[in-house]
Amino acid sequence: FGDMLDQMNDMTPEQEARMKAMGVNTEMMKKASTMMANNPMMRKAAQTMMKNMSPEQMMKASQQAQQQMKNMSSEDYEKAFKDMEKGQK
């Protein structure tokens, strides 16, 4: 899991371009991975949740999250992250 977070933060420009072409907001992804890397409780919760999911369930959850995020403004993103940070304190 730690390796995955590192990869999300250390993407090459080519990898980032591919992610963007798939509709992924790479800045949001980097912020989320940094938040999880710096917050052991959040990281453990994500690991626990993913451990109990099949690959198909993880893909569906990822697609749903991406769809929801597609419709969010920059302000919505920032508010969501601030709310997550508050919830972890």
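Let's start with how this chain folds back on itself: among contacts with a separation of 6 or more, 56% join residues 24 or more positions apart. Keep in mind that this is a predicted model.

What is the chain built from? It has 6 helices and 0 strands, so to speak a plain run of α-α-α-α-α-α when you read along the sequence.

Here are some whole-chain values:

| Property of the protein chain | Value |
|---|---|
| C-alpha box along the principal axes | roughly 30 × 30 × 25 Å |
| Accessible surface | about 6,700 Å² |
| Distance between the centres of positive and negative side chains | 6 Å |

A compact globule of 89 residues would have a radius of gyration near 12 Å, and this chain, at 13 Å, agrees with that. Carbon and sulfur atoms hold 55% of the accessible surface, and 19% of the 89 residues count as buried. As for charge, there are 13 positive side chains and 12 negative ones.

Now for the inside. The largest nonpolar core has 12 residues, and there are plenty of Met names on the list: Met 8, Met 11, Met 28, Met 29, Met 35, Met 36 and Met 42 sit there along with Leu 5, Val 24, Ala 46, Tyr 77 and Phe 81. At least two residues of this core come from each of helix H1 (2-9), helix H3 (26-38), helix H4 (40-51) and helix H6 (74-87). H3 gives the largest share, with 4 residues.

Which residues does Met 28 touch, leaving aside its neighbours within four places in sequence? Its contacts are Met 69, Tyr 77 and Phe 81. Both Tyr 77 and Phe 81 belong to the core too.

Key: Residues numbered from 1 in each chain as written. Predicted model: local features only at pLDDT ≥ 70, side-chain atom pairs only at ≥ 80, totals over all residues. Heavy atoms only, no water. Core = buried A, V, L, I, M, F, W, Y, C linked by side-chain atoms within 4.5 Å. Buried < 20%, exposed > 50% of the residue type's maximum accessible area, 1.4 Å probe, protein only. Contact = heavy atoms within 4.5 Å. Rg over C-alpha atoms; globule rule 2.2 N^0.38 Å. Areas by Shrake-Rupley, 256 points an atom, 1.4 Å probe, with all protein chains shown as cover. Lys, Arg positive; Asp, Glu negative; His and termini not counted. Charge placed at Lys NZ, Arg CZ, Asp CG, Glu CD.
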